[in-house]
Amino acid sequence: MTDLMPLTRSARTARPLPAASELDVVVDPSNGFADDFEAVLDDGPTRRSTIGCIIPAYNEEESIAQVIEGLLAQTRVPDVIHVVVNNTSDATVRLASQYAGPHELATDLGEQFTEVFVHDIGKNPDKKVGALNYGYALVEGYDYLLGVDGDTVADVRAVEYLEAEAISDTRIGGISAIYSIDDRPIKGTVAKFLTTGQRSQFAAFNLHNLLRGRNMAVLGGQFSIFSTQALRDVMAANRQSTPWVKDSEVEDSLLSLQIKSAGYLTKISPFARADVGGMTTLRALDAQQVKWTYGAIELMWPGQRGDTRGQPFHPNLRVRWLENFGMLTNLFVRVAFVVLLAGSLSIGAFVFSPWWLLAPAVAIALNTRMALTMRNRNARDILFAVTLVPAEIYMWLRLSYFARSWTRFLSRKKVDNWAMQAKAERGAGIGHWTPLLVVIAVLIATAVIWSMLGPMVQSTILWIGWPIVGVVTVLQTLSMFFKLIRRQHGYKV
């Protein structure tokens with residue numbers, strides 16, 4: 001276990017990031033939320049708080065330099081930056097160590113000082129949780145802990161915005177930035193498609209939380225600031241020796257739930273933004289999304305791992321239940337429609353009705369409006385929404401991850417989803433093909449069974465099935481329509 005601080009490099013030699021004036025953050029007086037946030041910036045306390053930044057890093061040689069440079073370019077630079085490298089097998093330590101040491105920086109808020117430390121903690125069985133807790137021990141005396149993933153680069157005023165709101169209200173236990181993915185460096189058709197889908201998914205998640213009074217269900221570890229007092233209260237309330245515990249594979253969700261249960265607010269900033277690392281292969285995206293969904297299920301279901309008591313009616317978990325119910329409904333409608341359509345065509349009983357076009361039309365309108373709320377939208381984001389087909393393909397992918405997560409959970413098969421994600425990101429594993437193989441097998445079995453049924457039974461199934469699918473589709477369409485006409489209060493995600 002070693003601390004590496006070989007040489008100091010001035011932030012002026014780092015890759016230039018946009019200046020604060022180039023971020024085009026406009027406070028529109030017609031939006032109530034903007035007025036409120038402007039008041040926070042204007043009326044905040046004059047005492048400077050202290051911020052300790054923790055960057056847990058595992059094989060981040062491609063991004064760690066940019067992450068550190070992004071922090072050194074902030075208008076409000078963290079008072080100390082600890083890079084905690086664990087289980088790494090690449091050049092992360094060497095690259096991060098080029099920034100180790102003190103830095104005196106000229107910023108828009110005046111001269112600031114920070115120091116970068118790089119810690120190579122070697123083999124760490126607790127993975128990211130262990131790295132976070134190691135970092136917490138180094139900054140527990142600071143007012144705030146800023147958690148930054150090793151592949152996340154924030155806009156230059158992100159820390160300034162997060163700190164301003166955090167110190168304005170002692171009830172706030174943590175605040176998350178708005179997350180997206182910078183797709184400009186992405187190459188390849190599949191990678192660009194998956195990145196666009198993830199950008200749309202992030203946008204919907206961010207907007208949903210912003211419209212819930214900016215109450216954040218999950219303080220993502222990508223770029224969030226936590227009150228260290230809130231973390232201490234969480235530890236005391238749950239009899240924990242550390243803020244993060246390995247009882248859950250979604251450590252940020254569990255901590256957010258505990259902070260909320262301790263009486264604090266968990267918020268999302270309307271302006272602080274950060275670009276996270278996206279998944280550019282089907283294999284990696286499958287592993288990540290299955291881990292996220294599986295971990296959320298464990299939190300919702302009591303007694304699955306360690307002391308996950310299960311609080312289905314907890315405010316943070318109510319959102320998760322609604323997400324899972326929505327995915328289940330989407331899965332049912334799509335599978336049932338395909339099966340019934342094939343069955344109807346096989347006996348020449350299908351009758352087209354223009355009413356079936358209403359649901360896709362509303363979906364396109366909703367997707368397009370969502371794309372227009374993205375601050376850094378591009379042509380691919382718009383085409384992804386208005387052409388519907390890419391969004392529908394991405395939805396089928398998400399449904400496969402949803403089904404895999406619940407199947408894995410209900411089978412009670414214990415797996416290390418962190419290890420599986422790391423394996424997938426290295427390009428190993430074939431689990432992402434499982435949903436496709438299952439679909440092919442189910443379709444073949446369904447076709448065989450259908451051919452064995454008599455005409456009367458086939459007609460009865462269609463007679464009962466189509467009205468059920470129709471009713472569920474109508475309810476889904478109404479839900480999308482209400483989301484479409486809902487006021488968005490000028491938020492940009």
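This is a short tour of a helix crossing and a pocket in a predicted model.

Before you start, note that residues are numbered from 1 along each chain as its sequence is written. In this predicted model, local features need pLDDT of at least 70, side-chain atom pairs count only at pLDDT 80 or more, totals for chains, interfaces and linings use all residues, and side-chain values use heavy atoms, with hydrogens and water left out.

**Stop one: the crossing.** Select helix 10 (residues 315-346) and helix 13 (residues 389-410); helices here are DSSP runs of H or I, at least four residues, numbered from the N terminus. Their axes come within 10 Å and cross at roughly 115°, with axes fitted to C-alpha atoms over the stretch in contact and angles running from 0 to 180 degrees between N-to-C directions. Helix 10 and helix 13 are therefore roughly perpendicular, a label for 65 to 115 degrees.

Now show side chains at the contact (heavy atoms within 4.5 Å): helix 10 brings residues including Met327, Leu331 and Arg334, and helix 13 brings residues including Met395, Trp396 and Phe402.

**Stop two: the pocket.** Keep Trp396 selected and add Ser400, Pro435, Leu436 and Val439, the closest to the centre among the 26 residues lining the second largest pocket. A pocket is an open set of points on a 1 Å grid over the protein atoms alone, where a 1.4 Å probe fits, with protein on both sides within 12 Å along at least five of seven lines; lining residues have an atom within 4 Å of a point.

Finally, colour by helix: helix 9 (282-300), helix 10, helix 13 and helix 15 (434-452) each supply at least two lining residues, and helix 13 gives the most, with ten.

Technical notes
Angles under 35 degrees count as roughly parallel, over 145 as roughly antiparallel, 65 to 115 as roughly perpendicular and the rest as oblique.
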